[in-house]
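Please open the model in the viewer and keep the selection tool at hand. The tour proceeds by selection, with a note on what is found at each stop.

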Amino acid sequence: HMLLPLLLLLTFGMTGAFVVPLLLVEEKEKRTIDFLLTSPAKLMEVIAGKALTGIVYSALIAAVLLVLNRQMIGNWPLTLLTILFGLLLVVAIGLLMGSLFQTTMQVNTWASLALLVLIAPSFSFPGSPLVLQPAMRFIPTYYFVESLKLALAGNASLRMWGYLAVVLACIFVACLAMTWALRREQN
């Protein structure tokens, strides 16, 4: 039950922290985003296309991992809902990074650090330093990992719904910050 959350978070992190921001930054570097914005497409439609690409890649990888680990799933609907929230969170973080960075070198440099931070909550093994455990609560993916563990165990407790609410709030905040950054850059 500890390996599946790690693998899912690692693949979501790779897609969200590397692929999604690179899609956006490449448009900026090649100045094709200016041409896209002169078309009938609006900025949010262009961003939605980038987000959809990240979501499809993440969903395909998640499907493969779930098929390989199908005997470990305690509650399928909750697991699928949690995975959907997790991939939306990481794609939103990736879009935020893509809106803040200007070059692929910046994405490659900072995305590695972001990936390490994003996957850190999945390394909560017994005996880990007690100082790190409260610090993990400041990382949005902590709540995804915790709700995923509960869903895999088949436990639909109130605590799980609280974790999912935090994930949803983080998605909302990341999308707001991304929208603000892109609009500021556009002006």
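Begin by selecting Tyr163, which counts as buried because its relative accessibility is 11%, under the 20% limit for that class. Please bear in mind throughout that this is a predicted model.

Next, add Tyr143, also buried, at 14% relative accessibility. Tyr143 and Tyr163 form a tilted aromatic pair, with 5.9 Å between centres and 55° between planes. Colouring the helices shows that this pair joins distant parts of the chain: Tyr143 lies in helix H7 (residues 140-153) and Tyr163 in helix H8 (residues 158-186), 20 residues apart.

Now extend the selection to Tyr142, which is buried, as is Tyr143. The ring centres of Tyr142 and Tyr143 are 5.0 Å apart and the planes stand at 90°, so this pair is edge-to-face. Ring pairs thus connect Tyr142, Tyr143 and Tyr163 into a cluster. Across the whole structure, four aromatic pairs are found.

Then select Cys170 and Cys175. Why is there no disulfide between Cys170 and its closest cysteine, Cys175? The two sulfurs are 11 Å apart, too far for a bond, given that a disulfide requires sulfur atoms within 2.5 Å. The structure accordingly holds zero disulfides. Cys170 is partly exposed, at 22% relative accessible area, and Cys175 is likewise partly exposed, at 30%.

Finally, select Leu52, Val56, Tyr57 and Leu60, and display the surface: these residues make a nonpolar patch of about 400 Å². Within this patch, Val56 belongs to helix H3 (residues 43-68) and is partly exposed, with a relative accessible area of 41%.

Note on methods
Residues numbered from 1 in each chain as written. Predicted model: local features only at pLDDT ≥ 70, side-chain atom pairs only at ≥ 80, totals over all residues. Heavy atoms only, no water. Buried < 20%, exposed > 50% of the residue type's maximum accessible area, 1.4 Å probe, protein only. Patch = residues over 30% accessible without salt bridge, like charges linked within 9 Å, V, L, I, M, F, W, Y side chains within 5 Å. Areas by Shrake-Rupley, 256 points an atom, 1.4 Å probe, with all protein chains shown as cover. Salt bridge = Lys/Arg side-chain N within 4 Å of Asp/Glu carboxyl O. Helix = DSSP H or I, 4+ residues; strand = E, 2+ residues; numbered from the N terminus. Phe/Tyr/Trp six-rings, centres within 6.5 Å; stacked < 30°, edge-to-face > 60°.
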